[in-house]
Amino acid sequence: MKKEVLAMILAGGKGSRLGKLTQNIAKPAVPFGGRYRIIDFTLSNCINSNISNVGVVTQYEPLVLNSHLGNGDSWGLDGINSDLTVLQPFSANDGSKWFEGTAHAIFQNMDYIDRMDPEYVLILSGDHIYTMDYEKMLEEHKEKKASLTVSVIEVPMDEASRFGIMNTDKNNRVIEFEEKPENPKNNLASMGIYIFNWAYLREFMLTTHQKDGEMLDFGKHVIPSYINSGERVYAYRFAGYWKDVGTVESLWQANMEFIDPENELNIRDRNWRITTRHRVSPPQFLTETAQVDESLVSSGCYVSGNVNHSIISTDAQIREGAQVTDSVIMSGARVGKNAIVYRAIIGENAVVGDNAVVEGKEEVAVVGNSEVIGVCNDED
Amino acid sequence: MKTNKTCAIIADIKKMDTLLPLTNRRPVSLLPFDGIYRMIDFNLSNVIDADIHSIYMIFNQGMTQSVIDHINGGKEWNLNSLPNRYFMHFFQGLKERNPEEDHYYDSVIEYIQKSDSEFTVFMGNKMLCNLDLSQVRNVHKMHREDITVVYKKMPQEKIAPEDIILDISDNGKVKGITSAQNAIVENEVDNLFMNICIVKSDWLIQELTKWRQNEDIATIEDVLKDAIKTKTTWAFEYTGYLSNIFDIKSYYDANMEMLDSSKFLSLLHSSKKIYMKNINEVPTYYAKTSRVNGSQVAAGCLVYGNVEHSLLSTGTIVKENATISDSIVMAKSTIKKDAVVKYAILDKNVVIEEGVSVIGTPENPIVIKKNAHIVEDMIQMEEQVDESLILHSGV
């Protein structure tokens, strides 16, 4: 059956600016907010926007990501008219199909997209924290009779030079695109979310690939080429919470903002639920000695120490006398007795031993996944 | 018939008026437990972990909604794949039954026949345990008899009058059974029959077919009870944690015992997991104004007030300066500012208004009905519950 929209989530990036946290795990699979992984936000947005066919392009360290995605059943993507397909690089008659850029990843997976036969392809990245109704964007795309719609968000002017900036006319038609301009003309930043008319993009990629094969990246190559050739490229203005969590600092920052129940993401909205893989964990236990303030605590946690303005993820343990402040403790991690964790991210299943100190100063401190600092006496 | 292939029957048709109003609209095994579980999760998990791929569940008719809402497709207990199946039977009381068709026996017999199993496990509805059924099956196979029953040595105060006490010989054979109300009072501990047994499927089909001829209707439970008296029966002693829930007090105590970390760890943090429904809730938020100690809290709560020695279920909201102590709060309840809840069980979706006190006693915890909106103080003294107050407090 012909699909109206197919979402393609680009989840193959290494995310090297996350250091230890992405050592053996793809960035979209990095834990977030106590029980989620980053890609859950994009996937949940798809479901909530009535998009039920999703391809996830993976490449770098896909093990955790793949097992998290499974067959998509956690998001209801395993039904009769819904589907989640994990797309990994493969070898073929005409050589290995590794992905050398965002557009190249789509080009290499053309067979898959053809099979799904969509009218529109929605390109998403799996490493942003936001809630967004893609259906609204699609409606605008249709209204404008656009060939390509790029979702944009206003960023502070002094940060604009870090982004791809769209210069538009009064109808939001994009007349110029500048990748990380030194002197930005405005502050409309591309969010890396695109809607393409598939038939045209397909032809475009085939032709340009035969000519020069240089169309590797959407931002650098495809969008400028579309604009130059006079295609109808429009900007869709998004207003709301949107965070690129590509660095340790921004990941930490987004987690800290996530604690606040008034956060713009509004994760308690029953009409826009963020869904993740079901994990079997007992209720959280706060003992007699526990003291927890301004924090999020997930299922399976055992807290007998002090927790202040922090996120304690699924099955983590905070032992007696420990002091956790302004930090993210990822799932399964243990903080030993009288240990101090301040301004830090403690990776999954990591151990901060008894009396150990992990303190972030200017920079946020990071303990990698399964890393062990000191010794944690295990009596329970 | 495949060797070792086992099917399971979970029967929840014994109504317990002593658990009202909690069991008004839900069967006993669908009672919430420890914030995120339903009692049936324990038996379902026991069955699944013993590599049993087929379950037959029996409930009373009229309880359909809560049962189907919980079990749904059976995915969380791995009951939704081609090799793994569950079946549900809704039992009709004598009055509603059409005498022309003896649906109950026919469908049970048909189930066991079709399951093509060597053994059948039977489990009741009110005992919570984390039991390795494959061990019971091994013991059963070793003895090559028709029935093996599971029991635990329990103190008398934790046994209900209608429970069954086993008289067990030194070598582990059951010599006889007595109803707990007739048992000798001097014993400090008794061998409590956990209403769990394993039998040969062929034998059970034969027995049920025999009983089918009778005029009056007995349940499988009755058939098995009768067989324990008359056939050679071996006993398997369970030494793990057990909760026997038969009235409000025992329900309250069993939940509160989960705040004892050794019992909590033994039941819920053992290597054998207890699977529960996927509620997909956000992590719980504790505000600066909150103070929570010695408590268990499910996901999706917002806590601004004080919680002490209590269990909060999914989506509970505790507003500023409210105090909950020694209480069980079921899902989606809201306790507003300055309210006080002590020695209480709040069923689902209860609202306690600002400044209102709901106070019971340790021996007689006060129960607030599902969906009730409490706007004035309800203080329960010792002695009997004032039924009218509880049953009509709803809006």
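**Figure 1. Where domain 1 and domain 2 of chain A meet.** In this predicted model, domain 1 of chain A and domain 2 of chain A bury about 1700 Å² between them, and carbon and sulfur atoms give 66% of that area. Look for Lys20(A), Trp252(A) and Ile259(A): they supply 36% of what domain 1 of chain A buries here, more than any other three residues. The domain assignment puts domain 1 at 3–259 and domain 2 at 285–373, and their C-alpha centres sit 33 Å apart. Count up who takes part in the contact and you get 18 residues from domain 1 of chain A and 25 residues from domain 2 of chain A.

**Figure 2. Salt bridges and polar contacts at that meeting place.** Three salt bridges run between the two domains of chain A. Glu348(A) pairs up with Arg37(A) in a salt bridge, with the closest N and O atoms 3.0 Å apart. There are also six residue pairs in polar contact between these domains. On the domain 1 side, helix α8 (residues 248–259) of chain A brings the largest share, eight residues.

**Figure 3. The largest nonpolar core, with 75 residues.** Phe33(B), Leu131(B) and Tyr251(B) are among the residues that touch the most other members. Helix α1 (residues 39–49) of chain B chips in six residues, the most of any. Both domain 1 (6–269) and domain 2 (285–379) of chain B contribute, so the core lies between them.

**Figure 4. Helix α7 of chain B, tucked away.** Eight of the 10 residues in this helix (residues 248–257) are buried, so the rest of the structure largely encloses it. Tyr251(B), Tyr252(B) and Met256(B) are among the buried ones.

Note on methods:
Residues are numbered from 1 along each chain as its sequence is written. Chains are lettered from A and ligands numbered from 1 in the order in which they are written. This is a predicted model: local features need pLDDT of at least 70, side-chain atom pairs count only at pLDDT 80 or more; totals for chains, interfaces and linings use all residues. Side-chain values use heavy atoms; hydrogens and water are left out. Buried means under 20% relative accessible area, exposed over 50%, partly exposed in between (1.4 Å probe, protein chains only). Helices (H or I, at least four residues) and strands (E, at least two) are DSSP runs, numbered from the N terminus. A nonpolar core is a set of buried Ala, Val, Leu, Ile, Met, Phe, Trp, Tyr and Cys residues joined through side-chain atoms within 4.5 Å. Domain bounds come from an automatic or database domain assignment. Contact means heavy atoms within 4.5 Å. Buried area is the accessible area (1.4 Å probe) that two parts lose on being put together, summed over both. A salt bridge is a side-chain nitrogen of Lys or Arg within 4 Å of a carboxyl oxygen of Asp or Glu. A polar contact is a pair of N or O atoms within 3.5 Å; within protein, one must be able to donate a hydrogen and the other to accept it, and residues adjacent in sequence count only if both atoms are side-chain atoms.
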